[in-house]
Amino acid sequence: MGADRVFAYGATAGILGDLLLGDPRRGHPVAAFGRAAGAVERLLWRDHRGWGALHTAVCVGGAVSLAALAGSAVRASRTASVALTAAATWAVVGGTSLTREARAVGHALESGGLEAARARLPHLCGRDPQALDADGIARAVVESVAENTSDAVVGALVWGAVGGVPGLAGFRAVNTLDAMVGHRSPRYRRYGWASARLDDLAGWPGARLTAVLAAVAGPDPRGALRAWRTDAHRHPSPNAGPVEASFAGALGVRLGGTLSYGGRVEHRPVLNSPGRAVGLRDIERAVRLSRRVGMLALGVTVAGRMLAAGILAKGHRS
């Protein structure tokens, strides 16, 4: 069995595992990586880009190396290779947890519990919930669902198709480090620079694929492509911009604007300004679009991996 079929079977099984089980409540590998990265930070932290780059190299390099060693250990067994790929996919993909948290906030809003929704929102994103009314919370949820569809599902599948289990582990390590040290706080402005820039590079292909698939799977493909073309570049994030703009156009809503994050207020450009304001029902619409995008991403990455393997095999024969 070639590496293309190992990825196809393993990734499909891993996505099914995520759909059925979600994230493990205890002993999650990503949480273990986070603890290890925190320990490395305590040893290396200096207010300097070079030390931050070393932190990134140690943590990401360690995750990729361990994944590569695990892959080598099971390479002789097709069943074990598929099982390892399935386990790695299940561990790094977070689509089910994303939709559960989004729906939990939506259910709190629907029952009239604004304070309950504010208490639940930090499970999903880092916004300051006390500064948000019901519509602001709904908008924050839709934006988080859009961005995390790329970060928690599509991007992982893209790098899994490219690099197998090491690709899956490496992408999640980069994404986790960015969440830990990549933000522009006084402590991490220099130290987290390398992690943030590496996350921008690693997330680039997944974000563009997510934006394309949101246009394909959404109710308004033309609106998605128009918003992506006209507004994505105005977002401060090179990867969140295309994703959020495409979701906004596909759903016919406006995203962006003023938000409070990490103790500071940001005034972001509006994405898809012709759209209407986000409402409660758009949370479920965004969740369903995210699900469709994830399933399409699985099909596209599996097909792409098998096509690449076929082209390489043909080249070797000739």
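This is a short tour of a predicted model, stop by stop, with a selection to make at each one.

**Stop 1: helix α2**

Start by selecting residues 29–44, which form helix α2. This helix has 16 residues and reaches 22 Å from its first C-alpha to its last, close to the 22 Å expected at 1.5 Å a residue. Now show the side chains of Phe33, Gly34, Ala37, Gly38, Val40, Glu41 and Leu44, which are buried. Turn the view until you look down the axis of α2: its buried residues fall within an arc of 165°, so they line one face of the helix. What do they pack against? Colour α3 (49–74) and α7 (134–181) to see the partners of the buried residues of α2. On the other side of α2 you will find Arg35, Arg42 and Leu43, which are exposed.

**Stop 2: helix α5 and Glu101**

Next, select residues 95–110, helix α5. Like any helix on this tour, it can be followed end to end: α5 has 16 residues, and its first and last C-alpha atoms are 22 Å apart, close to the 22 Å expected at 1.5 Å a residue. Among the buried residues of α5 are Leu98, Glu101, Ala102, Val105 and Leu109. Just after the helix comes Gly112, with a positive phi near 85°.

Pick out Glu101 in α5. Is this glutamate buried or exposed? Its relative accessible area is 18%, and buried means under 20%, so Glu101 counts as buried. Beyond residues up to four places away in sequence, Glu101 touches Arg120, His123 and Leu124. For a link across the chain, select Val145 as well: Glu101 and Val145 are 44 residues apart in sequence, and their C-alpha atoms are 9.5 Å apart in space.

**Stop 3: Glu147 on helix α7**

Now move to Glu147, found in helix α7. Here the relative accessibility is 32%, so Glu147 counts as partly exposed. Show Ala240, Val243 and Glu244 too; Glu147 touches these residues, leaving out those up to four places away in sequence. Add Asn239 to the selection: 92 residues separate Glu147 and Asn239 in sequence, yet they are 8.2 Å apart in space, C-alpha to C-alpha.

**Stop 4: where α8 meets α9**

Select helix α8 (residues 193–217) together with α9, which covers residues 221–231. The axes of α8 and α9 come within 8 Å and cross at roughly 150°. Which residues make the contact? From α8, show Arg208, Ala211, Val212 and Ala215; from α9, show Pro221, Ala224, Leu225 and Trp228. By class, this contact has seven nonpolar, no polar and one charged residues.

Before leaving α9, click on Asp231, which is found in this helix. With a relative accessibility of 7%, Asp231 counts as buried. Apart from neighbours within four places in sequence, Asp231 is in contact with Val270, Leu271, Asn272 and Ser273.

**Stop 5: Asn272**

Follow that contact to Asn272, in the loop between β2 (264–271) and α11. Asn272 is buried, with a relative accessible area of 4%. Check the backbone here: phi of Asn272 is near 60°, a positive value in a residue other than glycine. Most residues other than glycine have a negative phi.

**Stop 6: Val253**

Select Val253, in the loop between α10 (240–251) and β1 (255–261). How much of Val253 is accessible? The relative accessibility is 0%, so Val253 counts as buried. Show what surrounds this valine: leaving out residues up to four places away in sequence, Val253 touches Ala248, Leu271, Asn272, Gly275, Arg276, Val278 and Asp282. If you also select Gly223, 30 residues away along the chain, you will find its C-alpha 9.9 Å from that of Val253.

**Stop 7: Asp282**

End at Asp282, which lies in helix α11 (residues 281–317). Asp282 is buried, with a relative accessible area of 0%. Which side chain does Asp282 meet in a polar contact? Show Arg285: its side chain and that of Asp282 make a polar contact at 2.8 Å. Setting aside residues up to four places away in sequence, Asp282 touches Val142, Val253, Arg276 and Ala277. Both Val253 and Asp282 touch Arg276, so keep Arg276 in view as you look over this last stop.

Conventions
Residues numbered from 1 in each chain as written. Predicted model: local features only at pLDDT ≥ 70, side-chain atom pairs only at ≥ 80, totals over all residues. Heavy atoms only, no water. Helix = DSSP H or I, 4+ residues; strand = E, 2+ residues; numbered from the N terminus. Buried < 20%, exposed > 50% of the residue type's maximum accessible area, 1.4 Å probe, protein only. Polar contact = N/O pair within 3.5 Å; in protein donor to acceptor, adjacent residues only side chain to side chain. Contact = heavy atoms within 4.5 Å. Expected span 1.5 Å × (residues − 1). Arc of directions from axis to C-beta. Axes fitted to C-alpha atoms, helices over the stretch in contact; angles between N-to-C directions. Nonpolar A, V, L, I, M, F, W, Y, C, P; charged D, E, K, R; others polar.
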